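Trainee: I have a new model open on my screen and would like to learn how to read it. Could we go through it together, one question at a time?

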Amino acid sequence: MKHSRSLGFDRFSGLYLWLVIIVVFALWQDQFAAAATARTIAGQQSIAGMLALALLVPLACGTFDLSVGSVANFATVNAVLFINNGWPWPVAAAFAVLISFVIGAVNALVVVRLHVSSFITTLGIGSMVTAMQVVVTGNTQPAYPLNESWAAFTNHTIFGFQVVFVYFLLAALILWWVLAHTPVGRYLYAIGSSAEAARLSGLRVGGFVGSSLIASATIAGVAGVMAASLTGPSLTYGSGYLLPAFAAAFLGSTQLVPGRFNVWGTVIAILVLATGVQGLQLAYPQAQWLQPMFSGGALVVAVAVAVGRQRAGEERKRKRLSRTLTRRETDHAKNTQRLAG
């Protein structure tokens with residue numbers, strides 16, 4: 001029990017790394033220590049954070065969704081086009097999310113019913129979604145809607161922070177509750193641990209895997225609508241968020257509950273990655289390669305650490321099992337000798 005409550009490096013390395021990054025860049029770059037930097041990081045990374053949350057749901061049950069970037073981008077474009085065509089923005093936003101839901105249902109159908117790998121399915125569907133985006137826009141970026149309430153939806157500030165960051169934290173809170181405190185979350189983690197064992201225990205594995213893909217696409221659609229209000233339409237931003245989102249999800253799996261994809265570990269990872277990138281961009285403002293380099297390196301390191309911990313855990317289980325068997329054999333031998341005597 002003491003170990004689970006400790007602030008050990010094995011569970012909170014991200015927080016210690018975050019503190020080190022803040023101190024280093026605060027000493028290196030004077031403008032980094034300004035409050036505006038924290039607000040910028042919070043606002044800019046909310047969309048990547050939402051996509052990381054979207055990925056968490058299928059990852060919890062051992063499924064990949066590589067279409068979240070394309071789905072979010074498509075939702076952004078759809079919301080803007082609907083508003084520009086005279087739709088009230090809440091209706092436009094809801095319909096854009098509904099389209100994302102349908103895309104998730106298609107992913108689920110192909111993976112569950114046709115038994116195609118989630119990796120291949122979502123990669124292919126994501127490419128098709130990008131193609132549909134080109135068709136509906138004519139490959140021309142739509143204009144940002146001239147609507148004050150639409151802009152205020154994400155750009156309104158609370159204590160100096162854009163409200164989009166509050167939306168991200170609320171989404172994280174809801175998803176944390178679902179994954180950590182409901183049977184659905186326990187079932188998803190059980191499937192991710194061993195789909196066959198979950199199936200033998202009576203769980204409808206296909207149903208939960210399909211639902212996770214639908215939830216992932218829907219959350220990505222919400223992220224896309226938020227991006228449409230926050231920064232306006234873009235035809236290409238989605239693919240750029242995919243790597244940071246995966247990096248945050250995998251790095252988050254090394255935090256708080258090592259070996260398990262978890263919400264607050266992912267939130268910590270998003271902030272750590274964003275702070276590092278922001279500090280480097282202040283130091284080298286012309287280096288456009290910094291974010292993909294930093295995120296890619298973090299993803300490789302996070303996966304390596306996660307795999308290493310998994311192997312170490314399996315080795316510990318093997319040793320415990322070996323000790324147990326040895327002890328039983330010893331006890332059996334002693335009992336045999338006692339009975340013989």
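Trainee: How many helices and strands are there in the chain?
Mentor: This is a predicted model, so the elements belong to predicted coordinates. Counting along the chain gives 2 strands, and the helices number 15.

Trainee: Which element of the chain has the highest mean pLDDT?
Mentor: Start with the chain as a whole: its average pLDDT is 85, and 87% of the residues score at least 70. Among the elements, the lowest mean, 46, belongs to helix H1 (residues 2-5). Where pLDDT is low, the coordinates should not be read in detail. The highest mean, 96, is that of H6.

Trainee: What percentage of the residues of the chain count as buried?
Mentor: The accessible surface comes to about 17,600 Å², and 66% of that belongs to carbon and sulfur atoms. For the residues, the cut-off for buried is under 20% relative accessible area. Of the 341 residues of the chain, the share that counts as buried is 45%.

Trainee: Among contacts between residues at least 6 apart in sequence, what percentage join residues at least 24 apart?
Mentor: A contact here requires heavy atoms within 4.5 Å. Taking the contacts in the chain between residues at least 6 apart, those that join residues at least 24 apart make up 74%.

Trainee: Is Phe101 buried, partly exposed or exposed?
Mentor: Phe101 sits in helix H6, which covers residues 89-113. Together with Trp87, Val91, Phe95, Leu98, Val102 and Val106, Phe101 makes a nonpolar surface patch of about 570 Å². Because its relative accessibility is 38%, Phe101 counts as partly exposed.

Trainee: Which residue forms a salt bridge with Arg199?
Mentor: A search of the whole structure finds 1 salt bridge. Its closest N and O atoms are 3.0 Å apart, and the two partners lie in helix H11 (residues 195-200), 3 residues apart, or about one turn of the helix. Arg199 is partly exposed at 43% relative accessible area, and its partner is partly exposed at 44%. That partner is Glu196.

Trainee: Is Ser234 buried or exposed?
Mentor: Ser234 lies in the loop between helix H12 (205-230) and helix H13 (237-252). Leaving aside neighbours within four places in sequence, Ser234 is in contact with Asn73, Thr76, Val77 and Gln141. With a relative accessible area of 18%, and the cut-off being under 20%, Ser234 is therefore buried.

Trainee: What separates the C-alpha atoms of Ser234 and Pro142?
Mentor: Look first at the side chain of Ser234, which has a polar atom 3.3 Å from the backbone nitrogen of Thr236. Pro142 is 92 residues from Ser234 along the chain. In space, their C-alpha atoms are separated by 8.1 Å.

Trainee: The side chain of Asn262 reaches the backbone oxygen of which residue?
Mentor: Asn262 is in the loop between H13 and helix H14 (263-283), and at 7% relative accessibility Asn262 counts as buried. Not counting residues up to four places away in sequence, Asn262 touches Leu56, Tyr189, Gly252, Ser253, Gln255, Leu256 and Val257. Its side chain also reaches a backbone oxygen at 2.9 Å, that of Arg260.

Trainee: What is the relative accessible area of Ser46?
Mentor: Ser46 is in helix H4 (residues 46-60). Beyond residues up to four places away in sequence, Ser46 touches Val164, Phe165 and Phe168. Ser46 is buried, and its relative accessible area is 0%.

Trainee: What is the phi of His115 near?
Mentor: Most residues other than glycine have a negative phi. His115 is in the loop between H6 and helix H7 (118-137) and is exposed, with a relative accessible area of 67%. Its phi is positive, near 60°.

Trainee: And where is Asn139, which has a positive phi although it is not a glycine?
Mentor: The phi of Asn139 is about 60°. Asn139 counts as exposed because its relative accessibility is 52%. Its place is in the loop between H7 and helix H8 (148-155).

Note on methods:
Residues are numbered from 1 along each chain as its sequence is written. This is a predicted model: local features need pLDDT of at least 70, side-chain atom pairs count only at pLDDT 80 or more; totals for chains, interfaces and linings use all residues. Side-chain values use heavy atoms; hydrogens and water are left out. Patches are made of residues with over 30% relative accessible area and no salt bridge: like charges are joined within 9 Å, nonpolar side chains (Val, Leu, Ile, Met, Phe, Trp, Tyr) within 5 Å. Accessible areas come from the Shrake-Rupley method with a 1.4 Å probe; for residues, only the protein chains shown count as cover. A salt bridge is a side-chain nitrogen of Lys or Arg within 4 Å of a carboxyl oxygen of Asp or Glu. Helices (H or I, at least four residues) and strands (E, at least two) are DSSP runs, numbered from the N terminus. Buried means under 20% relative accessible area, exposed over 50%, partly exposed in between (1.4 Å probe, protein chains only). A polar contact is a pair of N or O atoms within 3.5 Å; within protein, one must be able to donate a hydrogen and the other to accept it, and residues adjacent in sequence count only if both atoms are side-chain atoms. pLDDT is the predictor's confidence in each residue, from 0 to 100.
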